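Take a look at the model below. We will go through it one piece at a time.

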Amino acid sequence: MKRLLFQAASGLAVLGGVLALLIAVVTIVNVGGFAIDKIARLFGGNFPAILGYEDFVSLVVSSAALMMFPYCQTRYGHVAVDVFINLFPDWFGRVVDVVSSTLMTALALFLGYMMIRGLLEVQGDNAMSAILGWQLWPFYVPGIISMFLWALVCMTQIFERNAHV
């Protein structure tokens, strides 16, 4: 089970990375368009920027960023303060790890729940992006999946650590 969750987290992070790369490519093209426009204006012409660039970036980055959270958890990559924990016995550090992972699980579940509520609200309102006219609700789905996968990864780590406490 743990291996399957970690593979899912890795796959989701790779997909998030692909989306981040796509954002970078679109940004480069858009900036290149601005440069071409500056040159074209010298000769009385113009060159348009990418229509809906801001819509695209805001929607895709919201998905891409959240898709990396579960993988980060598999690597214990979230913020941890080990400076003071090292002063205490090992058992105390493990207890702190279990408590913090439990709180992280609760946070991920809460965020997943709130994202479901948000999805239902924007879907019910038929909310769309301002320029491109894209439905907003599908961009909630990767985040919801990410939050619940993040919670599952945290839970497996709690039970893994709890066996050693």
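The walk starts with a helix, then turns to the cores and the surface.

This is a predicted model. Begin with α1, which covers residues 2–42. Helix α1 has 41 residues. Its first and last C-alpha atoms lie 60 Å apart, close to the 60 Å expected at 1.5 Å a residue. Several α1 residues are buried, among them Leu5, Phe6, Ala9 and Leu12. Further along α1, the buried residues include Asn30, Gly33, Asp37 and Ala40. Glycine 44 follows α1, and its phi is positive, near 85 degrees.

Now turn to the largest nonpolar core. It has 9 residues: Met104, Ala108, Met115, Leu119, Ile144, Met147, Trp150, Ala151 and Cys154. Two elements each give two or more residues to this core: α4 (90–124) and α5 (141–162). The largest share comes from α5, with 5 residues. A second core, separate from this one, holds 7 residues, including Leu5, Phe6, Met67 and Leu149. Leu5 and Phe6 are also among the buried residues of α1.

Go back to methionine 104, a member of the largest core. What does methionine 104 touch, leaving aside residues up to four places away in sequence? Its contacts are Gln73, His78, Trp150 and Cys154. Trp150 and Cys154 belong to the largest core as well.

Finally, look at the surface. Leu107, Phe110, Leu111, Tyr113 and Met114 form a nonpolar patch there. Together they have about 450 Å² of accessible area. Methionine 114 sits in helix α4. Is methionine 114 buried, exposed or partly exposed? It counts as partly exposed because its relative accessibility is 36%, and partly exposed runs between the 20% and 50% cut-offs.

Technical notes:
Residues are numbered from 1 along each chain as its sequence is written. This is a predicted model: local features need pLDDT of at least 70, side-chain atom pairs count only at pLDDT 80 or more; totals for chains, interfaces and linings use all residues. Side-chain values use heavy atoms; hydrogens and water are left out. A nonpolar core is a set of buried Ala, Val, Leu, Ile, Met, Phe, Trp, Tyr and Cys residues joined through side-chain atoms within 4.5 Å. Buried means under 20% relative accessible area, exposed over 50%, partly exposed in between (1.4 Å probe, protein chains only). Helices (H or I, at least four residues) and strands (E, at least two) are DSSP runs, numbered from the N terminus. Contact means heavy atoms within 4.5 Å. Patches are made of residues with over 30% relative accessible area and no salt bridge: like charges are joined within 9 Å, nonpolar side chains (Val, Leu, Ile, Met, Phe, Trp, Tyr) within 5 Å. Accessible areas come from the Shrake-Rupley method with a 1.4 Å probe; for residues, only the protein chains shown count as cover. A salt bridge is a side-chain nitrogen of Lys or Arg within 4 Å of a carboxyl oxygen of Asp or Glu. The expected span of a helix is 1.5 Å times one less than its number of residues.
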